[in-house]
Amino acid sequence: MTKIGIDKIGLALPNYVLDLKDLAAARGIDPNKYTIGLMQEAMAITPVTQDIVTLGAQAAAQILTEEDKATIDMVIVGTETGIDQSKATAVYIHGLLGIQPFARAIELKEACYSAAAGLEFARNHIANRPEAKVLVIASDIAKYGLNSGGEPTQGAGAVAMLVSANPRILELNWDNVYQTRDVMDFWRPNYSPYPKVDGRFSTEQYTDCLQTTFEHYRLQSGKELDDFAAVCLHIPFAKQGLKGLRALQPSPKHEERFFEAIRYNQQVGNIYTGSLFLSLLSLLEQSKALKAGDDILLYSYGSGAVCELFSARLVSGYRDQLMTDRFEQMSKRQRLSMEQYEELFFETIPIDEMGNSPELPEDNSPFVLTKIENHQRIYHKH
Ligand code: CAA
């Protein structure tokens, strides 16, 4: 059987960050609630010139060669921060990246889950066309609103994965198991800029979906937790992942790997569809204990709810495809004051009756939203 999986992974984060100790001080909350209670340190903040298109394009541009762009025949974007009810984010990104025209471009939605489905669709597509490559992007901005319960778990960023035959990072094993249950733990009505959240219920659903799906996975696959060198989970905030992992009765080695797998998430916050893959990237780049041939179990959870368990095997030489200076890159982000955070993250774009906005502020990021003209979002590539 053709080996199919993740050949390259790219990450885009906005240039701004809020330290959660500053948020705690401003909200009159003990900072330990955020750093110990939620196990989070900071959250990535976008200005109005950055959205899921610019972040997604930036993450993908980092990893794609001209040859990749000539070979990709499908672009899938998983997101729950859609910028348009009709046109797919993937179409904008396809254009900005200059991917060959005879490609399919679609957007998938199911809360934080959909990029995992995208990965599975990519694998099935390549199983039928081994010469094809598929670009799967998870791009989101998690914004709960000022003074909201979820405020300390906000974040923004995108992860791009190039899926191909004979991948150089991870081979996807054919063992996916999933579950759907119609619950109202987290959702965002069309008229609302922020999600509605039943916080405690959502944390219970996350863990119950994990436990029940894992039981199903064991029966289907015949695999036990000990067959895996590490478990990677969706990380809305790190403590949630730890509670989920502990519900599976992990071994000490799994807990050690878990703490390597949350390091990037703790500095970024929730990036919804990308959180699982940000955690995977953290594990692969930060763990010295992993080796080629190791299997990793992945848990994707999207409120509403759909979840999936699947596994992947590390390929010989996988470290050559990864970065070693990610923390150095993150340390270049500008730390915002509370005033700047409240202004920047919650700014909205004014539009006149003709559908025009003013020119937006300067931003020298690789991809930028420059204005809205005649109701059309105008992007610029630097
Ligand atoms: N020192 C140390 N720890 C402290 C503390 C202090 N001073 N004060 C509180 N804590 C601890 C609490 O004991 C608690 O830890 P445990 O759960 O281990 O007991 C933790 O800090 C959080 O405290 P609370 O439960 O009181 O916090 P809260 O009610 O303010 O909100 C939340 C927590 C409901 C998760 C809220 O952050 C929220 O609504 N978040 C958004 C929803 C979410 O992320 N849900 C996750 C599952 S759904 C999902 O995964 C999809 C998705 O991405 C959204």
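## Two domains and their interface

In this predicted model, the C-alpha centres of domain 1 and domain 2 lie 19 Å apart, where the domain assignment gives domain 1 as 4-169 + 324-381 and domain 2 as 171-317. Contact between them involves 57 residues of domain 1 and 54 residues of domain 2, and the two bury about 4,400 Å² between them, with 63% of that area on carbon and sulfur atoms.

Polar contacts between domain 1 and domain 2 amount to 23 residue pairs, counting those with both residues at pLDDT 80 or more. On the side of domain 1 that touches domain 2, at least two residues each come from several elements, including strand S1 (4-12), helix H2 (31-37), helix H6 (114-128) and helix H12 (326-331); the largest share, eight residues, is supplied by H6. The rule finds one salt bridge across this interface.

## Helix H7

Helix H7, covering residues 199-221, has 23 residues and reaches 32 Å from its first C-alpha to its last, close to the 33 Å expected. Its buried residues, among them Ser202, Tyr206, Cys209, Leu210, Thr213 and Tyr217, pack against several elements, including strand S12 (230-233), helix H8 (238-247) and strand S14 (306-314). Glycine 222 follows H7 and has a positive phi, near 75 degrees.

## Glutamine 100

Glutamine 100 lies in the loop between helix H5 (89-97) and strand S5 (104-108), and is classed as buried because its relative accessible area is 19%, under the 20% cut-off. Its side chain reaches the backbone oxygen of isoleucine 72 at 3.1 Å. Leaving aside residues up to four places away in sequence, glutamine 100 touches Lys69, Ala70, Ile72, Asp73 and His94.

How values were computed: Residues are numbered from 1 along each chain as its sequence is written. This is a predicted model: local features need pLDDT of at least 70, side-chain atom pairs count only at pLDDT 80 or more; totals for chains, interfaces and linings use all residues. Side-chain values use heavy atoms; hydrogens and water are left out. Helices (H or I, at least four residues) and strands (E, at least two) are DSSP runs, numbered from the N terminus. The expected span of a helix is 1.5 Å times one less than its number of residues. Buried means under 20% relative accessible area, exposed over 50%, partly exposed in between (1.4 Å probe, protein chains only). Contact means heavy atoms within 4.5 Å. A polar contact is a pair of N or O atoms within 3.5 Å; within protein, one must be able to donate a hydrogen and the other to accept it, and residues adjacent in sequence count only if both atoms are side-chain atoms. Domain bounds come from an automatic or database domain assignment. Buried area is the accessible area (1.4 Å probe) that two parts lose on being put together, summed over both. A salt bridge is a side-chain nitrogen of Lys or Arg within 4 Å of a carboxyl oxygen of Asp or Glu.
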